[in-house]
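Open the model in your viewer and set it to a cartoon view with side chains available on selection. The stops below can be taken in order.

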Amino acid sequence: MISQTSTPPSLTVQELRVLLAAQCPQLSIDTWWLLGTSHCHLCEQAETLIQQLQTVTPVCYQTLDIATLTEDVMTQFATSIPIILTPTSRLDYPFSVLDLQQLCE
């Protein structure tokens, strides 16, 4: 019998970040993470919004292609991307620059 592990949907932001950092050690624990995939137009729009925010507020972010994650973790995000994970919050698309600015407060 093959055992599959799945990511419980009730993980806190901190638990989720630990899980993702374990799979992607290049992620910095202090930055925002933009979860998406390549060639995702919504993910590109989300990145543009972050870049617009950076013109008025210093924000460091890293992109994470969910295709690089294990299948069970990837499927948790497949229908929700783009997602922004800050060290303390999760923001699912759709969002605006104002929503992002509120994450900085």
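This tour of a predicted model goes through two helices, a pocket, two cis peptide bonds and a few single residues.

**Stop 1: helix H1**

Select residues 13-23, which form helix H1. Show the side chains of Val13, Leu16, Arg17 and Leu20, the buried residues of this helix. Seen down the axis of H1, these residues fall within an arc of 100°, so they line one face of the helix. In general, an α-helix has 3.6 residues a turn, so residues three or four places apart point the same way. Now add Val18 and Ala22, exposed residues on the face of H1 turned away from the buried side. To see what covers the buried residues of H1, display E1, E2, H3, E3 and E4, which are included in that cover.

Stay on H1 and pick Gln14. Is Gln14 buried, partly exposed or exposed? Its relative accessible area is 42%, and Gln14 therefore counts as partly exposed. Beyond its neighbours within four places in sequence, Gln14 is in contact with Pro87 and Thr88. A distance to try from here is Gln14 to Ile29: the C-alpha atoms are 9.8 Å apart, with the two positions 15 residues apart in sequence numbering.

**Stop 2: helix H2**

Select residues 41-54, helix H2. The 14 residues, at 1.5 Å a residue, should span 20 Å, and the end C-alpha atoms are 20 Å apart, which agrees. Colour Cys43, Ala46, Leu49, Ile50 and Leu53, the buried residues of H2. They cover an arc of only 115° around the axis, which puts them on the same side of H2. Their cover includes strands E1 (32-36), E2 (61-65) and E3 (83-85), together with helix H4 (97-104).

**Stop 3: the largest pocket**

Which residues line the largest pocket? Select Leu34, Leu35, Gly36, Thr37, Ser38, His39, Cys43, Glu44, Glu47, Thr63, Leu64 and Asp65. The space inside is about 160 Å³. E1, H2 and E2 each contribute at least two residues to the lining. Coloured by class, the lining shows four nonpolar, five polar and three charged residues.

One lining residue, His39, deserves a separate click. His39 sits in the loop between E1 and H2. It is exposed, with a relative accessible area of 78%. Its phi is near 65°, a positive value in a residue other than glycine.

**Stop 4: two cis peptide bonds**

Most residues other than glycine have a negative phi, and most peptide bonds are trans. Go to the bond from Ile81 to Pro82, which is cis, with omega near 0°. Pro82 is in the loop between helix H3 (71-77) and E3. Then move to Tyr93 and Pro94, also joined by a cis peptide bond, where omega is about 10°. Pro94 belongs to the loop between strand E4 (90-92) and H4.

**Stop 5: Ala67**

Finish in the loop between E2 and H3, where Ala67 lies. Is Ala67 buried or exposed? With 52% relative accessibility, Ala67 counts as exposed, since the cut-off for exposed is over 50%. Draw a distance from Ala67 to Leu91: the two are 24 residues apart along the chain, and their C-alpha atoms are separated by 19 Å.

Definitions and conventions. Residues are numbered from 1 along each chain as its sequence is written. This is a predicted model: local features need pLDDT of at least 70, side-chain atom pairs count only at pLDDT 80 or more; totals for chains, interfaces and linings use all residues. Side-chain values use heavy atoms; hydrogens and water are left out. Helices (H or I, at least four residues) and strands (E, at least two) are DSSP runs, numbered from the N terminus. The expected span of a helix is 1.5 Å times one less than its number of residues. Buried means under 20% relative accessible area, exposed over 50%, partly exposed in between (1.4 Å probe, protein chains only). The arc is that of the directions from the helix axis to the C-beta atoms. Contact means heavy atoms within 4.5 Å. On a 1 Å grid over the protein atoms alone, a cavity is a set of points where a 1.4 Å probe fits but cannot get out, and a pocket is an open set with protein on both sides within 12 Å along at least five of seven lines; lining residues have an atom within 4 Å of a point. Grid points are joined across faces, edges and corners, and a volume is the space filled by probe spheres set on the points. Ala, Val, Leu, Ile, Met, Phe, Trp, Tyr, Cys and Pro count as nonpolar, Asp, Glu, Lys and Arg as charged, and the others, Gly among them, as polar.
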